[in-house]
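Here is a friendly walk through a few spots in this protein. Have the 3D view open and follow along.

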Amino acid sequence: MRLNVIKRRFEEFRRQAFLDITPLPKMRRTTSIYESPGVYKDQKESSDITIGEVWAKPTETAFLSFNGDFWQEDHWFDISLGSEACLFVDGVPYAGLDENHRLIPIPKGVHEYKIEAFNKSDTPKVLLRAHVIFVNKDLDLLTNLALEAVKLAEKSDPIIANAFEEVFTKILVSFSSASDFDGAVKEALATLDTKLRKYEHNKLPGKLVLIPQSHIDLAWLWPEKETVRKISRTFSTALRLGELYDEFIYHQSQPQLFSHAKTYYPKLYTEIKKAVRSGKFKLVGGMWVEPDCNMPSGEAFVRQLLYGKKFFKEEFGCVPTVEWLPDVFGFSPSLPQLFVDSGTKAFMTIKTGWNDTNKMPDCVFNWRGIDGTSIPVFIPKALNEDVTAPDVIQAMENSKRTTILPVVAHLIGYGDGGGGVTIEQMNKGRLLSKLPALPEVEFGDIDSYVQDNIIGKPIKHTWDGELYLELHRGTTTSQARNKKWNRKLEFKVRDVEILSAFSHAIGSEYPKTEIEEAWKVILKNQMHDILPGSSIREVYEKSEKDYLEVDRDLNKLKDKVLEDLAKNIEVVKNDNTMDNIDLDVKKRFVVFNTVSFARKTLIKIAGLPKNASFIDHKGKVLLSQRLKDGNTLVEVDLPEMGYTTIDMVINRKSQVKPSSFTVSEAEFDNGLVSVSFGEFGNVTEIKDLEIDEVVIKNSKHHLQFFDDRPLVWDAWEIDADYAEVSFEPEKLISFKLKENGPICTSFEASWKVNQSTITQEIALYQKSKRVDFKTKVDWQEKHVLLKTIFDTKIRSRYATFDVAFGKYQRPTFQNTTWERAQYEVSAHKWADLSDGSHGVSLLNDCKYGYNVGDQTLGLSLLRAPTYPDKDADNGSHEFTYSVLLHEDVSCQKTIKEAYDLNLESLVKEIPTSKANGIRPLPKKHSFIELKSQGVFLDTIKLAEKSNDYIFRFFESLGRREVLKVNSGLKLIDETDLLENSKNKEGTNMIFGPYKVKTFIGRLDL
């Protein structure tokens, strides 16, 4: 009998394994609109409904209630609504319902049942099935085994195929003459068991370990509020499977999901905690969510790990050691160090298997980061896998790339939107080990798998540097507002934290809870389908609301801590010989600096009279300029990790030299740099006047537009040939001199492009080689990519990019397919092209996507995809990017200028009276003074477990350096990222390249 005939016959038998016993009683239906977890509006009562009737209109949530005792041996609920739903038993989530999860075990006794179902479609939904059914376990086993054997035979060698044909033909013949069907089933199982034993040694080498899990995107094609309900469905289903199968161990990442369960489903959460204690639930991954792993700052990565592992420890008493990031769109070269320093032993992803150009050479390897730290990586074939014979074969084929024993993890269960493992998958997982021409198949847990097969095993190959995903290159640009919020709030929460530590050290309260909650909202919105810009509109409406609330809360904290610090500053007497100078002071301001290097910066102050000028703490007149918008620009020298005070006086003339700017119709310069314009307002040349060299000479407009229509993955991708269809601004609306003063001179240009308008103020500053492009865009495009591109005269085989806690080099050439695939790459605040003597850096204040080739530097500014958000990025945008000419090929100057561009001005007016705070402070002061070239003090925070402080440093230049603390700090011990002591005597202040070090200590202010 042919295999396809055998397959059809057993599919017919399989339908007989599930016998309808009785329909469930009519259900009482209530409908409403789901607004947020626990909040429903427009509740409507309805009459009872039964099978075939509408349970909800589009966008409605229905609650379908029934009562009774339905339990009998081998009886199950079979419920189908054509949508996702959750069955509650006595008010507690009991099991999820969807088209993959129709069968639900029936609990014993009389219960109150309620189904919560959501109709996300655009048509009414009807109740398709609601039955109690009987499952013939023997027939279920026989047909499952037979159908998997047929699938295997179709892919196996002729000997196996012929043997299976013979066996199943005889079984089918025996059924045709059997008077006792159930007896024939049992006899067939016995026969099959005997026949299969003949092949028990005919196995493929290796072993496949089935890992039950479910991938739950916090948001994507659904909003976060729907994820809360997905949690109830997926987690409760996992609990039921754990009761049914001893070998079932469920794996779940993302503490944020468990936090939602704790908040909205407390009784379910209690069951989950019991399952964790019993080993039926395995916690994996240490990060608060599964974040994008390119764009978050270094400290954001640390907080993902710190708060995530802290939550798991406090709630469940355990800390995962396997990092679990299956679906993330590429991985920063800084991560290995952070993983290892937070107690992570191994790292799992499947995403690099999605590469569109090159296949990763290994699926198990050591991954080495920029500081030299390595961590083992294993890459299963895919996520959310099924359990079939072909799946097993493909998983083992994928493992042939590895260099160690092929014991392969196979991640089973439905996901992206949750759901998890099904009863059928569990049953098939049990029987696959009976079949020949397959490896051993068993259920397992990821901790045991990693311990037995990864950690301590000889791993031959090492991958050095970033794990670049050759796909989803547009995610560094899509949904630009979200990315701007992320950058701004990462810096703002950092400022608040550092200033709060200083204020706490002199007696104020430290807002620990408020800072942690702000961080958690920032971290949540770094999830790998939110920050990358690949979600629906509703997701970005919610993230915007989140960001606004965090911004408001952080502003309150910032204002409070600035006030607390300002009131402690002694301001009565100036530090100069002119005792009567205070009579002229009209306002006093304190300006703070939260970075560990002194810097000259420009601050804006609003609401001042036109004849206002400023003096520093020694009475020296500061350079200032009244801007066209009414703000006053003031040049201030800031000490490292400290502050200075400035006084506003009236009619005090500056002693500075006349303006160094030269301006003509098509060019301006500041004595260091000149900028030349073309007839369309485009920048044609940027010249370094000190070395008399044109460093940038553009062949096209500095703003370039590209037809951006990826073949697949619209919001995610930029195709390799995007640059083949390009255009420039079609109309120059205006071009004029805007500012012309002692500090800043600028031109303003406006262009019309399609339906959009772009306005740029292109500014030069005195004694600076930085050119700012302050940009406003009314963006009304579809499928257009906007870039700024500069053609440099710099010849360098490698470009350097700002990444978390360091910098990273990528080639400018395209010799191989690996290099050609990296035509759009991620970076944070800057990218640089330098030769041995000088260079050009392209800085930004909220962008992440760069392209560098040969002698070109480009930065992606905006996209306009239409899926999954049809209006993505349409509307108003403001951002600044800058071109910096420099002679410092170490990029130290670039790093500091990039911080200056991104840091918010921290200015507070202080009363012109005697200090009334707890502890008087001088008028200019560094709270902390360090001796260092490239080691930055990035973080100061209150410790999690004591009233001491945590200080996190990183080396930024890629060289060995010994850090010296001159004042302000008393370091006690070195810790890991989770703030556990490393049990070393003293503190090791030697930093290797890009090394991140964390210390606990005190502020000695």
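## Around Asp708

Asp708 makes contact with Glu717, Ile718, His783, Val784, Leu785 and Arg863, leaving aside residues up to four places away in sequence. Before going further, please keep in mind that this is a predicted model.

Where does Asp708 sit along the chain? You will find Asp708 in the loop that runs between strand S35 (703-707) and strand S36 (726-727). Is this residue, Asp708, buried or exposed? Asp708 has a relative accessible area of 2%, and because the cut-off for buried is under 20%, Asp708 counts as buried.

## Around Val289

Another loop residue to look up is Val289, placed between strand S15 (281-283) and helix H8 (298-316). Val289 is buried, and its relative accessible area is 1%.

Which residues does Val289 touch, not counting those up to four places away in sequence? The list is Leu218, Gln254, Gln256, Gln304, Leu523, Lys524 and Met527. For a sense of distance, you can also pick out Ile33: the C-alpha atoms of Val289 and Ile33 are separated by 28 Å, and these two residues are 256 residues apart along the chain.

## Helices H14 and H15

Lys524, one of the residues touched by Val289, also takes part in a contact between two helices. The axes of helix H14 (residues 512-524) and helix H15 (residues 537-566) come within 10 Å and cross at roughly 155°. Angles over 145 degrees count as roughly antiparallel, so H14 and H15 are roughly antiparallel to each other. Their crossing is left-handed.

On the H14 side, the contact is made by Glu514, Ile515, Ala518, Val521, Ile522 and Lys524. H15 contributes Lys542, Asp546, Val550, Leu554 and Leu557. How do the residues of this contact of H14 with H15 divide into nonpolar, polar and charged? There are 7 nonpolar and 4 charged residues, with no polar ones.

## A sheet of 3 strands

Last stop: an open sheet of 3 strands, in the order S24-S28-S27, with antiparallel pairing. Strand S24 (599-605) and strand S27 (624-626) are at the edges; each has a single partner strand, so one side of each has no neighbour in the sheet. On average, neighbouring strands here are turned by 25° against each other, direction ignored.

How many bridges join S24 and strand S28 (residues 632-638)? The two strands pair in the antiparallel sense over 7 bridges. To locate one position in this pairing, find Ile605, whose bridge partner in S28 is Thr632.

Terms used:
Residues are numbered from 1 along each chain as its sequence is written. This is a predicted model: local features need pLDDT of at least 70, side-chain atom pairs count only at pLDDT 80 or more; totals for chains, interfaces and linings use all residues. Side-chain values use heavy atoms; hydrogens and water are left out. Helices (H or I, at least four residues) and strands (E, at least two) are DSSP runs, numbered from the N terminus. Buried means under 20% relative accessible area, exposed over 50%, partly exposed in between (1.4 Å probe, protein chains only). Contact means heavy atoms within 4.5 Å. Axes are lines fitted to C-alpha atoms, for helices over the stretch in contact, and angles run from 0 to 180 degrees between N-to-C directions. Angles under 35 degrees count as roughly parallel, over 145 as roughly antiparallel, 65 to 115 as roughly perpendicular and the rest as oblique. A crossing is left-handed if the near helix is turned anticlockwise from the far one by less than a right angle, and right-handed if clockwise. Ala, Val, Leu, Ile, Met, Phe, Trp, Tyr, Cys and Pro count as nonpolar, Asp, Glu, Lys and Arg as charged, and the others, Gly among them, as polar. Two strands pair if DSSP finds at least two bridges between them.
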